[in-house]
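The following account is intended to be read alongside the sequence and the three-dimensional view. It moves from a local strand pairing to a sheet and the helices that accompany it.

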Amino acid sequence: MKRVTFGWSFFVTVCLVIFISVPVWGRTIKIGVIGPMNFVQGKGHWNGAIMAADEINAKGGVQVGKEKMKIELVKSDSNEFLSMTDATNAIERLITSDKVDFIVGGFRTESVLAMQDIAMDNKKIFIGCGAAHPEICLRVAKDYNRYKYFFRGTPFHSGYLVRTSFAHMGFVGAILKKELNIPKVKVAIVAEKAVWADPMVEAAQGVIPKMGMDVVGVWRPSDKATDVTAELAAIQKAEPHMIFTMFSASVGITFSRQAGELKIPAIQVGINVEAQKDGFWEATKGMGNYVFTMNTYARGVEVNELTKPFVDTYIKRFGEVPTYTADTYSAILHGLVPNIEAVGSLDADKIVARMENEESNVPSGRIKYEKDAQGRPTHDLTWGPGYLTSLGVQWQDGKLVAVWPNKWVAAPGAPEVTYKGMVPVKIPPWMKK
Amino acid sequence: MVNAGFYLKRFYTIVRGEVLVLPSRIIVALFFIILLGLPLVSQNPYLIRVVILTSIFAILAASWDLLSGFTGQMNFGHALFFGVGAYTSALLNIHLQISPWGGVPLGAVAAVLAGLIVGIPCLRLKGTYLALTTMAFPIILMGIVFALPDLTGGELGISGLRRLSNSLLGNYYIHVVAMLTLCTIMWKITDSHTGIIFHAIREDELAVRASGINTTRYKLLAFCLSGLFAGLSGGLYAHYMRIAGPSTLEVSMSFSVVIWAVFGGLATIYGPVAAVFILFPLLEFVRFWPEYRALIFAVIVLIILLYMPEGLIHWVRDKIEKECPRCKIRNVATRNTCRICTAALD
């Protein structure tokens, strides 16, 4: 009797273990999310991806041929800011040990280039969601058969980032001219001492005079400077109307706070990554008022019908406005999934063939993959009216509001672009005295 | 057949008489066997990748030990040699289409020249001053890299390099055999007459000079030899990663090498190699807890250095082996008398 009881207990236990171990949904689509997970960029990658996965799985999963598959995410810390070796190990592990079907993420260009090679060796579709250098996509054009599995998910390449900044400068310059009755706007260029800013400074010095404005000087504080009063004193002496900023690090807070304290009679326009964050107002003790920076998302702005639901849900879930690396959401939900469903398989070649020719709406605009001058696919993102433009946002009395594009005409004869939720730019009141 | 039997018997006698008598030698033999036989057990690309990179960094760590551990020339800018090897090999591969088999040794030659360039002005410096001065060199080179983006690729580095082999196993054996060979050469150098002089320079340079030895020449030799091996590891790294970028010159790279060497035990060659083979895979192992990876790594290193200030391998060796007070020959710790002179060991 005792033996029978033991035998039955063993049988029931084995059945239970098998029942628990085997997923109800059978095969899942494994997506590797790779990024610097201990940094805000990696957190954006992961947050965007889990939002997309939850949304897809809540609807029953992805229809792959006759089978319904759920999305399973695999988180991978690339640690790419500190070690490129770590990043390549992480992607190798994702592909060969975790056996993911697709990969999204990546941030630092040098690391993305190395990771790209490993993904291409294994013919895995890799949607880059962070690195902006054009070279990553030029590889697709140069060696299509090898690199065709790479697509840029976000942001548009750095050449377009520069053009957008200049568009912002032109936009604010026109307002200054009109409101302050200035014949010629004077611009001070202030860029942190970092390699990425070097070509932008050079380009700005060449382009600003062509835009009908004067450059009064170039200042290059350290990217981690905690005091920039010397630079601000010199800038104040040069009497600019506009300060064209290029900040990606903490100097963005220092500069804005001290410029606000000194009430420098010039408006800050350009790139200030710290000013894109919700904590900027608190960090500058309100002195960052009227700072204008480029951004991808803002509260209350609708680039299209997908923007508001995405931004609102993201804020509700994570308590902050999404950063651009959270576009892993679009890469999965609007990039991968519709194409998997359309081809009815996880075959990378079939998906690539369809994806590179498809256009799709995403919360930040509309995605269309570019071809180069010779007609070769680059899998890079198209920039401009009707596609991706990003936003110009400004801090106005404690709120980060979107101010651009507002009646923006990209080129003579081009359609005027204004997104829903735009508000007028505010000039610092101390400039009007 | 008779000859084969003779050699087998001789091999067995050597193994029994020279290898199996000491635990440390058994561990080294097992290390060789496991590394060379690993692909027979598993060909997981991730595992193979980790072992290849570990091997490359083991060469780098041992090359630092050759300079700083043996001669006491504290070099905090070892990434310079690594970066010079990587960039030179990459430039030759991309611009002159030189095969990696030619590029890697030429990169090492360039690193030797870098060793001379660093060594000559640093000869008068010692201790902290030398450490800080050497730390500046990779930063200067990084500035040059960024200043010449058309040649060096700037922040992107030089990508699209060819690998030494296109097969997984080919790459594995090239890097592992290179590591075993180069580290054995370094160990033999330190065990030679030159190595004894390196040791002596670290202990008392004045006494060495008083003995009529040109210490300047030997210190320069140490810089060049260290540069040669570090340059080889840099070239191997660049071709394996298929990119030579500014990260090869980062300060963190220089400090990683110091951590590995100190963790394993200075002035041993095998200590830094063992440390890399423990610490590098350990960092991969703790990927399951990404938020605390760096913390776990730091805690382990701190605990080891707190309780084993001379390094892990020195400590382990002292636990499993004893040195004969009379003839200085090492014996297994369980013996009561020396295996050579039969003197009492306690």
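How many residues lie between β13(A) and β14(A) in the hairpin that they form? The model discussed here is predicted, and in it two residues separate β13(A) from β14(A) within this hairpin. Strand β13 covers residues 359–362 of chain A and strand β14 covers residues 365–371 of chain A; their pairing is antiparallel and runs over four bridges. Within that pairing, A:Ser360 has A:Ile367 of β14(A) as its bridge partner.

A second arrangement in chain A is an open sheet of five strands, paired in parallel and ordered β4-β1-β5-β6-β7. The edges of this sheet are taken by β4 (71–77) and β7 (150–154) of chain A; each has a single partner strand, so one side of each is left without a neighbour in the sheet. On average, neighbouring strands of the sheet are turned by 25 degrees against each other, direction ignored.

Inside this order, strand β1 (residues 29–35) and strand β5 (residues 102–105) of chain A pair in the parallel sense, again over four bridges. One residue pair illustrates the register: A:Val33 is bridged to A:Val104 in β5(A).

Two helices can now be placed against these strands. Helix α3 (residues 84–97) of chain A packs on the sheet, where it touches β1, β4, β5 and β6 (125–129) of chain A. The direction of helix α3 makes about 175 degrees with that of β1(A). Helix α4 (residues 109–121) of chain A lies across β1, β5, β6 and β7 of chain A, and helix α4 runs at about 165 degrees to β6(A).

Technical notes:
Residues are numbered from 1 along each chain as its sequence is written. Chains are lettered from A and ligands numbered from 1 in the order in which they are written. This is a predicted model: local features need pLDDT of at least 70, side-chain atom pairs count only at pLDDT 80 or more; totals for chains, interfaces and linings use all residues. Side-chain values use heavy atoms; hydrogens and water are left out. Two strands pair if DSSP finds at least two bridges between them. Axes are lines fitted to C-alpha atoms, for helices over the stretch in contact, and angles run from 0 to 180 degrees between N-to-C directions. Contact means heavy atoms within 4.5 Å.
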